[in-house]
Amino acid sequence: MIDMKEIVKKYQMGSQTVYALNGVTMKISDGEFVAVVGPSGSGKSTLMNIIGCLDVADSGQYELNGKPIAKYSERQLARIRNENIGFIFQGFNLLPNINALENVELPLIYQNLNHSRRKKQALDALERVGLSDRIRHRPGELSGGQQQRVAVARAIAGKPSMILADEPTGNLDTKTGKEIIGLLRELHNQGNTIVLITHDSTIAAQAQRCVYIEDGYVKGGVRT
Amino acid sequence: MIIQSLRMAFKSILANKMRSLLTMLGVIIGIIAVTVLISIAQGTTSSVTSSIESLGTNLLTVNIRSFRNNSLTVNGLIEFAEKESESIGNVAPIVSQSVTSKAGDITYSEGTLEATVPGYEKIRNLSVEYGRFLTQPDLDNRSYVAVVGTDVADELFGTRNILGEKIRINGYEFSVVGVLAEKGTTVSGSSDNRIIIPFTLGQRLLFSTGIRTFYVSANSPDVVTTAQSVLEEYLNGIFSTSTEVSTSGEISNSAYTVFNQSDMLTTITDTTNTLTLMLGGIAGISLLVGGIGIMNIMLVSVSERTREIGIRKAIGAARGAILIQFLIEAIVVSGLGGIIGLLLSMGLIVILTQALSISLALSPAVAEFAIGFSLLIGIVFGMYPANKASKLTPIDALRYEG
């Protein structure tokens, strides 16, 4: 559950102060599938960094599952990301030197799970994305769609409360893109909270609800 | 977590085999330099000290410099030795000179004539292989008898059991009554070229009067200092006119010098220890350079893998986890380099031992030090890059296009 109030994030560009987020207030409940939509430069990437606890707001309040994020140390934020958030990136962001299974195991290593439990959870996640037959392949040996599925498996392996997908179809062709969105819908139907960040309104239309961002403000929300 | 980091470290080392090998090479060469040089230094030290010890560490050599008041006699010395038998074992005056000896038509010019008394063989650790050593009657009768070293026997007769054979020196004929056992070549040259004759006869032959040089053996290395002070007291009594008392109250006597073999041993040991340390230090510099190589490559590795660091941080790696990962990688590289270097230097030491025919051995202490030091280098030079990696923020690292 995400609860944001008057979130402001500003950057210093030379002598100018740029407000990437200028007082964003929004709520996302558990089990929702929300798309955050906006053109490039609208501040949606900054918003995703803050939702994902990769960055901290300059002012305003952000509570994730009832916990005020601003108060946490770097170490605690790493732990919150590890346990509560599953990331899916536009560029897949898999480690190239290790195979699919090891990539999926990565967040579980940082959870200090023992070897057998880690392997079981990673295999389960890979089965859910339909890649059980590719676990020994390295990212370079997989197609773009398959790589993104591995990334989805990595995001869900640690059983997070929320999946945060940043332009997950941006590097994929339309057909594979649709498959990934289908996979996200499926995960949503299984009860996962999903936040999808995109500039593409047709993809956003697949979500339950859209939040429009422009110039650092929330311009409105639409239920689909 | 540590096991996982170790696995990751080996994976990334294997992913860049050539680079890892070149990085390790610095440590490998450093470790070889340190261990081989120290082994050579230690090997030389022990061979020098053992050859000095074989001369006897309980040996005192006295040289008389004063021509005046020299009332030393063979009997006087023997009486003194008997009186001070608590600390002093044997006393032997000696006159020596290089001589040319002949047997039949064969000439041997490398011999050293040593005129001395019975007991000399005990002082110099000589043993007789055939026949006997000098005896008191030989001395009293000024008998023309000689005890010779193996070189003399080999050169003049081509065989060693030459008892009863005659050799001629300066026109005098000596019959061989004993042949010494072979001693081999030491730092002080060959000691198998001796031709030992009675002291009394030697004085006459070499036109030498009085006693100019004599050896004293202490009963054991522990009482060498006692023996030396007893000896100096005795000599000060004889050369009382040359005694000077310095302002600090020390008695010095310019009439004689006493040379202590164990003092020399201490000096040599000190010198070689310093030499060992110096060699080790110089070799240590190459190890340091190897460490800087590791730091350099780790810094490259950190910037190459900025994105990986970003991914790891985004999915939940804390600073400590990243720090440990890169630190372990540096330690594995330098530790592996240390082990490989140690194995290579073991081989090199075996080869050098064969080639230089000196006994070299890699002492366990040096091996432990080498491994320990290479691990330490990994920690010291890995810390900075690892810390740099751990400080990257996940957003910046993810945005990095490498």
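Author: Let's start with a term: buried area is the accessible area (1.4 Å probe) that two parts lose on being put together, summed over both. This is a predicted model, where local features need pLDDT of at least 70 and side-chain atom pairs pLDDT 80 or more, while totals for chains, interfaces and linings use all residues. Residues are numbered from 1 along each chain as written, chains are lettered from A and ligands numbered from 1 in written order, and side-chain values use heavy atoms, without hydrogens and water.

Reader: What area is buried between chain A and chain B?

Author: Carbon and sulfur atoms give 62% of that area. The total is about 2,000 Å².

Reader: Which three residues supply 29% of the area that chain A buries against chain B?

Author: No other three residues supply more of chain A's share. They are N93(A), L95(A) and Y110(A).

Reader: Which residue of chain A forms a salt bridge with K313(B)?

Author: A salt bridge here puts a side-chain nitrogen of Lys or Arg within 4 Å of a carboxyl oxygen of Asp or Glu. There are three between chain A and chain B. In this one, the closest N and O atoms are 3.7 Å apart, and the partner of K313(B) is E74(A).

Reader: How many residues of helix α1 of chain A are buried?

Author: Helices are DSSP runs (H or I, at least four residues), numbered from the N terminus, and α1(A) covers residues 44–51. Buried means under 20% relative accessible area (1.4 Å probe, protein chains only). Among the buried ones are K44(A), L47(A) and I51(A). Of the eight residues in α1(A), the buried number is seven.

Conventions: Buried < 20%, exposed > 50% of the residue type's maximum accessible area, 1.4 Å probe, protein only. Helix = DSSP H or I, 4+ residues; strand = E, 2+ residues; numbered from the N terminus.
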